[in-house]
Amino acid sequence: MKQRVITAVIALAIFIPILYFGGIWLEVAAAVLAAIGVFEIYIMRKRIIVSIDFVLTILGTLALAVPINFYRGWSPKGFSRLDIFYVFAVLLMIVTVLTKNKFNFEDAAVSVISMIYIGTGFHYLASVRNSSGGLGLLMFALIVVWSTDIFAYTFGRKIGKHKLWPAISPNKTWEGTIAGIISALVLSGIYMYFVPQKYSMVSMLIIALILSAFGQMGDLIESAYKRYYKVKDSGNILPGHGGILDRFDSMLIVLPLLHVFGLV
């Protein structure tokens with residue numbers, strides 16, 4: 001527990017100022033976190049890090065993670081993040097030919113979905129913050145995710161009796177899930193009373209409900225692939241907390257949804 005607290009204090013001391021100031025600092029931080037996320041995926045899969053497919057996966061992930069205006073001025077006219085990403089996805093498929101299927105089509109598919117999942121998620125970490133009113137919106141998302149996690153865990157341990165999805169995450173319960181969603185609605189509602197958002201309170205509460213549910217699904221998604229790869233944590237870069245993907249599993253799903261709802 002002591003190690004967990006120390007890690008949390010140090011991480012917050014570094015991360016909170018970056019979130020507050022945003023801009024290029026957060027864009028760089030998001031890119032670094034995305035690269036670490038890919039590294040964790042490869043370690044979980046027991047894939048070789050010093051390989052062409054790892055390099056292409058990192059580059060494809062960064063192609064999605066960087067800001068939209070990153071390509072302006074030097075890339076071919078009309079090229080976007082998705083075009084650059086597609087180039088790296090095709091190159092990964094070419095590697096399956098060059099390696100005579102030592103790196104096969106299924107490996108390429110995992111790399112491509114990792115690029116989308118990690119690159120898009122961390123792209124919106126910076127994109128949300130650097131948008132108009134972005135700090136308030138990012139805090140809204142963080143309150144939804146953190147309150148859901150904390151109260152789902154607390155109530156699940158105290159009163160949880162009905163398992164949510166034992167084949168994937170044996171400790172999660174329906175009681176904890178519902179408590180997490182209710183807590184997210186209450187706390188985000190209090191937050192929005194003091195920090196009004198783009199839409200009405202009712203609309204934002206509906207969005208908070210959806211974000212809370214999908215945030216928990218993000219947690220389950222990570223639990224699913226960790227169980228598949230037979231690992232406890234995605235990594236050990238954060239002693240007592242696991243890896244970067246362990247800490248951002250919900251946010252990687254929630255942040256892009258803010259764009260889907262037209263908030264970014």
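In the predicted model, serine 234 lies in the loop that connects helix H8 (201–229) with helix H9 (244–248). The residue has a relative accessible area of 3% and is therefore buried, the cut-off for this class being under 20%. The side chain of serine 234 forms a polar contact of 3.0 Å with the side chain of glutamate 40. Leaving aside residues up to four places away in sequence, serine 234 touches Glu40, Met44, Glu222, Lys226, Gly243, Ile244, Leu245 and Asp246. Glutamate 40 thus appears both in this set of neighbours and as the partner in the polar contact.

The protein chain as a whole contains ten helices and two strands. Their order along the sequence is α-α-α-α-α-α-β-β-α-α-α-α. Of the contacts between residues at least 6 apart in sequence, 66% link residues at least 24 apart.

As to overall dimensions, the radius of gyration of the protein chain is 19 Å, which agrees with the value near 18 Å for a compact globule because the chain has 264 residues. Along the principal axes, the C-alpha atoms occupy a box of roughly 55 × 45 × 35 Å.

Buried residues account for 45% of the 264 residues, serine 234 being one of the buried residues. The exposed area of the protein chain is about 14400 Å², of which carbon and sulfur atoms contribute 72%. The chain carries 22 positive and 13 negative charges, and the mean positions of the two sets are 3 Å apart.

Key
Residues are numbered from 1 along each chain as its sequence is written. This is a predicted model: local features need pLDDT of at least 70, side-chain atom pairs count only at pLDDT 80 or more; totals for chains, interfaces and linings use all residues. Side-chain values use heavy atoms; hydrogens and water are left out. Helices (H or I, at least four residues) and strands (E, at least two) are DSSP runs, numbered from the N terminus. The radius of gyration is taken over C-alpha atoms; the globule rule is 2.2 Å times the number of residues to the power 0.38. Buried means under 20% relative accessible area, exposed over 50%, partly exposed in between (1.4 Å probe, protein chains only). Contact means heavy atoms within 4.5 Å. Accessible areas come from the Shrake-Rupley method with a 1.4 Å probe; for residues, only the protein chains shown count as cover. Lys and Arg count as positive and Asp and Glu as negative; His and the chain ends are not counted. The place of a charge is taken as NZ of Lys, CZ of Arg, CG of Asp or CD of Glu. A polar contact is a pair of N or O atoms within 3.5 Å; within protein, one must be able to donate a hydrogen and the other to accept it, and residues adjacent in sequence count only if both atoms are side-chain atoms.
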